[in-house]
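This note is meant for a colleague who meets the structure for the first time. Please read the numbered points with the sequence and the structure at hand.

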Amino acid sequence: MATVERAEVLLTSPGRTFVTLRITTSDGVVGLGDATLNGRELAVATYLRDHVVPLLIGKDPARIEDMWQYLFRGAYWRRGPVTMTAIAAVDVALWDVKGKVAGLPLYQLLGGRSRDGVMVYTHASGSSVEEMLEDADRARELGYRAIRVQAAVPGVAGTYGVKKNGRYEPADHALPDEQLWSTEAYLDFAPGYLRAAREHLGDGVHLLHDVHHRLTPIEAARFGREVEDVKLFWMEDPTPADSQDAYRLIRQHTTTPIAVGEVLTSIWDVKDLITERLIDYVRCSVVHAGGITHLRRIYDLAALYDVRSGSHGASDLSPVTQAAATHLATAIPNLGVQEHMGYPDLTAEVFHGGATYADGSLHVSEEPGLGVTYDDAAAARFEYEPRYLPVARRLDGSVHDW
Ligand code: CS2
Ligand code: MG
């Protein structure tokens, strides 16, 4: 029996920070798992190095489910983003190993293809509505069939979701950038630009919009109702989902579809949302929700209730996660859409291979396992740089949800 011989935690910042777990077996098979938790990278690196790596050495890499249960149930302390990201890193690395041992791309181990390619959405944004519409035209020219639209709200300096110099990277300060927020200004302005986007792009494109946890349930209900004529593909994170029952209130008032889950890390965090049909898309990710083993469990539960996947795919989830998510989305029956934000150019110097974009879809690699390799020499050129996500304050100075 081959055993886990080595497990290394690798940090690098090629354009932004990524944490990677690399497992090597006694047969010399290498598996990669993403362990990146934006703005809290070192917490996961420490959790892995100090508390998980010692448990892996000498174990059978083929027993993926058992390892998952061991790290989740066996640890006594459960759930939470740091733990679930660490478990995900191990899980994905072991799936990568299994694929390489079998000589099969990961999606084949998950049941094979349900579709040719995975529909993805990209971001279009602007500091004005005109700029946002021009960005959406660019996305159309690149073949995207689904586009997320966000415009800067007048009077709200540094509105989330808006690109600077052609890229959106919110974790761009050594200490948190403090941004402004005004719910009144947003609610007055956003419905108009969503309507302008629909008029400009016509009916042949899916439009998405991220509210980024900014509204109370009743404000979200009003917003969802007000934009029904825009026929959004989804309204994302209208209110924080710390309290899943808040979504009952929103649901009573609007038929605008709802997507939730990028900050939720376990099946227990989305169980009521799914089983009470309070959402339409579950946005948990491979990296923050316990890996392929756990996310597949979430998607299977979702399928029973007509909830589809909408995997988080921001650029703070590494190309290893993007590859894993694309394999999973290729195999599951209930794909909705996957986010595709892209990476800074430097990222490709460290991570080679992975999923490729063509004609509005991401396509898996046919290499065994995930199909991603990690270039140590390139990674060494990009020393780890600490970065924080911003913090939001209302116009009166008090802290709001970012
Ligand atoms: C966003 C993210 O992709 C999204 O929908 O909400 O950009 C999010 O802000 C970052 O992933 C935070 O790490
Ligand atoms: Mg989001």
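1. Burial of two acidic residues. The model discussed here is predicted. Both Asp210 and Glu262 are buried. For each of them the relative accessible area is therefore under 20%.

2. The magnesium site. Which protein residues act as donors to the magnesium ion (ligand 2)? They are Asp210, through OD, and Glu236 and Glu262, each through OE. These donors lie 1.9 to 2.2 Å from the ion. Along the chain, the donors of the magnesium ion (ligand 2) follow the spacing D-x25-E-x25-E. Asp210 belongs to strand E7 (residues 206–210), whereas Glu262 sits in the loop between strand E9 (258–260) and helix H9 (267–275), so this pair ties together parts that are 52 residues apart in sequence.

3. The surroundings of ligand 1. There are 14 residues around ligand 1, and those that come nearest are His212, Glu236, Glu262, Asp316 and Glu339. Two of these names, Glu236 and Glu262, also appear among the protein donors of the magnesium ion (ligand 2). The space that ligand 1 takes is the largest pocket.

4. Polar contacts of ligand 1. How far is an oxygen atom of ligand 1 from an N or O atom in the side chain of Glu262? The distance is 2.6 Å. For the side chain of Asp316, an N or O atom is 2.9 Å from an oxygen atom of ligand 1. In the case of Arg148, the corresponding distance between a side-chain N or O atom and an oxygen atom of ligand 1 is 3.2 Å. Ligand 1 taken alone exposes 340 Å², and the protein buries 94% of that.

5. Backbone angles to check. Asn165 is not a glycine, yet its phi is positive, at about 50°. This residue is placed in the loop between strand E5 (146–151) and strand E6 (178–181). With a relative accessibility of 84%, Asn165 counts as exposed. Lys231, likewise a residue other than glycine, has a positive phi near 55°. Its place is in the loop between helix H7 (217–226) and strand E8 (234–236).

6. Ala35 in relation to Asn165. Is Ala35 buried or exposed? Ala35 is buried, because its relative accessible area is 0%. The residue is found in the loop between strand E3 (30–34) and helix H1 (41–56). Ala35 and Asn165 are 130 residues apart in sequence, and their C-alpha atoms are 28 Å apart in space.

7. Two further loop residues. Ser285 lies in the loop between strand E10 (281–282) and helix H10 (291–304). It counts as buried because its relative accessibility is 1%. From Ser285 to Thr321 the separation is 36 residues in sequence and 8.1 Å in space, C-alpha to C-alpha. Thr256 is found in the loop between helix H8 (246–253) and E9. At 3% relative accessibility, Thr256 also counts as buried. The C-alpha atoms of Thr256 and Glu226 are separated by 9.3 Å, with their positions 30 residues apart along the chain.

8. A helical residue. Where does Leu109 lie? It is part of helix H4 (residues 106–109). Leu109 counts as partly exposed, since its relative accessibility is 25%. Leu109 and Leu278 are 169 residues apart along the chain, and 31 Å separates their C-alpha atoms.

Conventions
Residues are numbered from 1 along each chain as its sequence is written. Chains are lettered from A and ligands numbered from 1 in the order in which they are written. This is a predicted model: local features need pLDDT of at least 70, side-chain atom pairs count only at pLDDT 80 or more; totals for chains, interfaces and linings use all residues. Side-chain values use heavy atoms; hydrogens and water are left out. Donors are N, O and S atoms within 2.8 Å of the metal (3.2 Å for Na, K and Ca); water is not among the atoms, so sites may look incomplete. Helices (H or I, at least four residues) and strands (E, at least two) are DSSP runs, numbered from the N terminus. Buried means under 20% relative accessible area, exposed over 50%, partly exposed in between (1.4 Å probe, protein chains only). A residue is near a molecule or strand if one of its heavy atoms lies within 4 Å of it. A polar contact is a pair of N or O atoms within 3.5 Å; within protein, one must be able to donate a hydrogen and the other to accept it, and residues adjacent in sequence count only if both atoms are side-chain atoms. Accessible areas come from the Shrake-Rupley method with a 1.4 Å probe; for residues, only the protein chains shown count as cover. On a 1 Å grid over the protein atoms alone, a cavity is a set of points where a 1.4 Å probe fits but cannot get out, and a pocket is an open set with protein on both sides within 12 Å along at least five of seven lines; lining residues have an atom within 4 Å of a point. A molecule sits in a cavity or pocket if more than half of its atoms lie within 2 Å of its grid points.
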